[in-house]
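Trainee: I have the sequence and the structure open, but I don't know where to begin. Could you pick a single part and walk me through it closely?

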Amino acid sequence: MKKVMLIVALLGLVTLGFVVAVKADDAPPVPIYPAYDVNQDGVVEMMDFFIMANAFGSYPGHARWNPAADVVADGKIEMMDFLVVAQHFSEKSPIIGYK
Ligand SMILES: [Ca+2]
C-alpha cells in the first residue's frame, strides 16, 4: 500500500511540475494603451513627441513613416497628431486591452 501511495504521490508531483512548466512558458499579457501613448509605455511624455517628430510629414510608404505616430489614423503625421498627444501630456495612459 505504501508503494502505491508513493507512486501516486510521485505522479502527482510530476503532473504538478508539468503544469507549472507549461504556465511558466505563458507570456504575460501585454497591455494596450490609447493611440496617443505613441510608444505604448503607459505614460504620455516627451518620448512620444520625439517619435512623432521623427515621423512628422510622413505618410504610408515614406521612409520615415511610423504608423504608431499616426494618432488620429488618417494616413499622415501632422499637427493634429501632435495636438491629440498634447491634450494628454503627462497623463498615465489607461489600459484599453491586452495583446
Ligand atoms: Ca508613452
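Mentor: Let's look at helix 2, its two sides, its partner and the loops around it.

First, a word on what you are viewing: this is a predicted model, in which local features need pLDDT of at least 70 and side-chain atom pairs count only at pLDDT 80 or more, while totals for chains, interfaces and linings use all residues. Residues are numbered from 1 along each chain as its sequence is written.

To get your bearings, the chain has three helices and two strands, and along the sequence they follow the pattern α-β-α-α-β. Helices (H or I, at least four residues) and strands (E, at least two) are DSSP runs, numbered from the N terminus. Helix 2 covers residues 46-55.

Now find its inner side. The buried residues of helix 2 are D48, M52 and A55. They span an arc of only 60 degrees around the axis, which puts them on the same side of the helix; the arc is that of the directions from the helix axis to the C-beta atoms. A residue is buried if 20 or more other C-beta atoms lie within 10 Å of its own, exposed if 12 or fewer, and partly exposed in between, with C-beta atoms placed from the backbone. A general rule helps here: an α-helix has 3.6 residues a turn, so residues three or four places apart point the same way. Turn the helix around, and the face away from the buried side carries the exposed residues M46, F50 and N54. In the chain as a whole, buried residues make up 13% of the 99 residues.

What does the buried side meet? It packs against helix 3, residues 79-87. The axes of the two helices come within 11 Å and cross at roughly 175 degrees. That makes helix 2 roughly antiparallel to helix 3, a label for angles over 145 degrees (under 35 is roughly parallel, 65 to 115 roughly perpendicular and the rest oblique). Axes are lines fitted to C-alpha atoms, for helices over the stretch in contact, and angles run from 0 to 180 degrees between N-to-C directions. On the helix 2 side the contact is made by D48, F49 and M52, and on the helix 3 side by D81, F82 and V85. Two residues are in contact if their C-beta atoms lie within 7 Å.

M52 and A55 also belong to the largest nonpolar core, nine residues in all, and V85 is another member. Such a core is a set of buried Ala, Val, Leu, Ile, Met, Phe, Trp, Tyr and Cys residues joined through C-beta atoms within 7 Å. V38 is in this core too. Leaving aside neighbours within four places in sequence, V38 is in contact with D48, I51, M52, A68, A69, V71 and V85.

Finally, follow the chain on either side of the helix. Most residues other than glycine have a negative phi. In the loop between strand 1 (31-32) and helix 2 sits Q40, whose phi is positive, near 55 degrees. Q40 is partly exposed, with 15 other C-beta atoms within 10 Å. Just after helix 2, G57 takes a positive phi of about 85 degrees. Farther along, A73 lies in the loop between helix 2 and helix 3 and has a positive phi of about 55 degrees although it is not a glycine. A73 is exposed, with 8 other C-beta atoms within 10 Å.
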